[in-house]
Amino acid sequence: MIAYLGRIVHDNDAESKLDDDVSSISKSLDLQGSIENGDVSSLASKDFGGLYSVKPLFLIKPSGAEDISRVVKLASRTSNLTVAARGNGHSINGQAMAEGGLVIDMCSTEKNHFEFLPINGSHYIDVSGGALWEDVLTRCVSRYGYAPRSWTDYLSLTVGGTLSNAGVSGQAFRYGPQTSNVTELEVVTGKGELTVCSETLNSELFFGVLGGLGQFGIITRARIKLQQAPDMVRWIRVVYSEFEEFTRDAEFLVTQKEGESFDYVEGFVFCNNDDPFNGWPSVPLDPGHEFNPTHISQTAGSVLYCLEAVNGLLGRLRFVEGLKSQVDVSYTKFLLRVNRAEEQVKANGTWDGPHPWLNLFVSKSDVVNFDRTVFKTMLKDGVGGPMLIYPLLRSKWDDRTSVVLPEGEIFYIVALLRFVPNGPSVEKSVAQNREIVNWCIKAGLDFKLYLPHYQSKEDWERHFGNRWSRFVERKASFDPMAILAPGQNIFRRDP
Ligand code: FAD
């Protein structure tokens with residue numbers, strides 16, 4: 001079997017017989033799921049970024065963890081095959097792809113686990129690694145009245161995909177990222193071993209996999225902390241013309257005690273003009289609300305700032321009077337807000353185009369400099385989509401996970417969510433992203449890429465800094481042949 005796979009990997013003439021190969025591989029693997037040719041047009045060669053496309057050998061739709069374990073073990077017996085778990089393919093830079101390798105479609109396992117677990121007065125849900133967060137939300141709320149505590153802005157992402165990065169949204173200042181809200185994982189390691197892990201059981205694997213960019217194992221089940229879901233939320237946006245006032249209020253909100261602040265805090269930068277995507281019209285929460293620019297002072301600069309919050313009192317905040325937008329919506333409608341926007345953007349064709357996005361964590365100590373150079377200068381005309389910026393607290397993140405952060409307690413997530421038809425071209429956007437990252441390095445900013453993408457080992461070493469050796473040791477323990485997640489470009493499987 002292995003020799004046979006080696007032959008199809010190396011022999012181009014064999015391509016014509018791939019259909020036969022598929023069925024014999026499936027049989028000899030004893031797969032309960034299915035296997036397809038790795039066509040370039042198939043979903044395994046695509047991601048949301050739309051910047052990269054590579055052809056895998058096969059796309060595998062496993063029925064569960066046993067199938068995944070068999071596939072990884074098979075790859076480990078070849079000299080060169082790699083395996084990429086593909087969540088919902090919402091990466092930007094081909095991170096879920098495997099050139100000439102085996103791509104596992106995790107969505108085919110999404111229905112395998114869904115168990116509500118009351119344990120010692122707390123509540124948890126066991127879900128599949130391939131489950132979509134939107135399904136976790138709607139099923140948890142409608143059946144049990146409970147919901148996870150920490151989210152991403154958009155929910156057509158898989159549990160395993162976001163846990164491999166961090167999973168951040170406006171609740172993270174209070175509950176930490178999604179990686180701080182999981183208590184147990186079931187993982188298929190790079191050796192094909194199916195292992196349950198937690199803070200106390202196989203803890204090195206547990207913390208390694210969280211934020212581990214898919215390098216140490218494939219998450220097949222996760223146990224997520226829940227809280228009671230509210231029925232309704234009050235969703236508010238207020239506007240600032242000065243960055244220092246925006247950050248002071250945002251930092252004030254994220255450092256208040258629970259019960260004395262909001263349940264969700266985010267923010268974004270927008271252009272001080274009437275551009276429909278980048279400017280004033282991007283602020284009102286309801287088409288019936290108008291943005292009245294006469295409230296903005298004459299001295300305001302090229303960009304303005306919007307603070308977005310849920311369920312709390314604005315009392316002490318110093319936003320621009322008259323520029324407040326507020327709606328009351330159901331909790332699920334609020335959490336599904338970007339999914340609704342997706343429907344609108346799909347209707348105008350922009351959703352399926354390329355998305356050269358850039359996400360960074362920037363230390364509080366450097367964020368004013370970042371605003372001045374990046375937002376006020378390089379990006380003063382916008383990026384053709386949202387430019388998010390809001391503070392997070394390092395103490396809510398667990399240092400034992402594989403995620404790396406800037407120093408200091410407060411840091412900002414910056415997300416440049418580019419939709420190309422409304423912004424600069426792909427080439428210009430990619431070049432601008434590179435220019436921003438290069439400037440951050442050159443200016444000595446304390447920053448890290450979130451959803452990182454680097455090409456060289458030196459860049460990855462710099463990214464991980466003093467955590468690099470721990471990352472390398474985890475790789476040696478759990479995926480010593482470098483089979484998993486080759487699309488991250490961190491380790492290479494030697495032929
Ligand atoms: P994929 O892109 O399919 O995979 C990502 C990586 O994880 C790959 O390396 C893959 O091999 C690996 N992987 C996938 N599944 C598993 C698994 N089960 N076990 C181990 N490794 C696995 N992120 C935020 O934090 N906050 C946001 O608000 C947010 N909003 C977003 C909005 C949109 C519209 C998009 C496109 C992305 C957003 N993201 C956000 C980024 C998102 O978290 C990442 O794209 C993430 O990779 C999840 O996507 P996915 O499930 O499609 O994973």
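# Notes on the fold, domains and ligand shell

1. A good place to start is L213, which sits in the loop between α7 and β10. Helices and strands here are DSSP runs, numbered from the N terminus (H or I with at least four residues for a helix, E with at least two for a strand). L213 counts as buried because 21 C-beta neighbours lie inside 10 Å. For burial, C-beta atoms are placed from the backbone: 20 or more others within 10 Å make a residue buried, 12 or fewer make it exposed, and anything in between is partly exposed. Apart from neighbours within four places in sequence, L213 is in contact with S164, A485, Q488 and I490; contact here requires C-beta atoms, placed from the backbone, within 7 Å. A431, by comparison, is 218 residues from L213 in sequence and 24 Å from it in space, C-alpha to C-alpha.

2. Before going further, please keep in mind that this is a predicted model, in which local features need pLDDT of at least 70 and side-chain atom pairs count only at pLDDT 80 or more, while totals for chains, interfaces and linings use all residues. Residue numbers run from 1 along each chain as its sequence is written.

3. Now the overall picture. The protein has 14 helices and 18 strands, and its C-alpha atoms fill a box of roughly 75 × 55 × 45 Å along the principal axes. The radius of gyration is 23 Å, in agreement with the value near 23 Å expected for a compact globule of 495 residues. That radius is taken over C-alpha atoms, and the globule rule is 2.2 Å times the number of residues to the power 0.38. Buried residues amount to 47% of the 495. Of the contacts with a separation of 6 or more, 73% join residues 24 or more positions apart.

4. Three domains are assigned: domain 1 (2-108 + 477-488), domain 2 (114-228) and domain 3 (232-449). These bounds come from an automatic or database domain assignment. The centres of domain 2 and domain 3, taken over C-alpha atoms, are 26 Å apart, and 26 residues of domain 2 are in contact with 23 residues of domain 3. On the domain 2 side, α4 (133-144), α6 (172-175) and α7 (203-209) each give two or more residues. That side divides into 13 nonpolar, ten polar and three charged residues. The classes are Ala, Val, Leu, Ile, Met, Phe, Trp, Tyr, Cys and Pro as nonpolar, Asp, Glu, Lys and Arg as charged, and the others, Gly among them, as polar.

5. What surrounds the ligand? The shell has 35 residues, with G87, D153, G160, G161 and G214 the closest; a residue belongs if its C-beta atom, placed from the backbone, lies within 6 Å. β3 (83-86), α5 (159-163) and β10 (217-228) each give two or more residues to this shell. By class, the shell has 14 nonpolar, 19 polar and two charged residues. Domain 1 and domain 2 both contribute to the shell, so the ligand lies between them.

6. The largest nonpolar core holds 132 residues, and V83, L102, I104, V362 and I413 have the most contacts inside it. Strand β17 (residues 410-416) provides the largest share, seven residues. Such a core is a set of buried Ala, Val, Leu, Ile, Met, Phe, Trp, Tyr and Cys residues joined through C-beta atoms within 7 Å. Not counting residues up to four places away in sequence, I104 touches I60, P62, I68, V71, V83, A84, A85, R86 and I218.

7. Two residues deserve a look for their backbone angles. Most residues other than glycine have a negative phi. N311, however, is not a glycine and has a positive phi of about 60 degrees; it lies in the loop between β13 and β14 (324-330). A482, also not a glycine, has a positive phi near 55 degrees and lies in the segment after α14 (468-478). N311 is partly exposed, with 16 other C-beta atoms within 10 Å, and A482 is partly exposed with 17.

8. Finally, is W280 buried or exposed? W280 is buried, with 21 other C-beta atoms within 10 Å, and is found in the loop between β12 (264-271) and β13 (303-310). Leaving aside neighbours within four places in sequence, its contacts are D274, F291 and P293. S203, in helix α7, is exposed, with 12 other C-beta atoms within 10 Å. The C-alpha atoms of S203 and T401 are 9.9 Å apart, with their positions 198 residues apart along the chain.

Key
Two residues are in contact if their C-beta atoms, placed from the backbone, lie within 7 Å.
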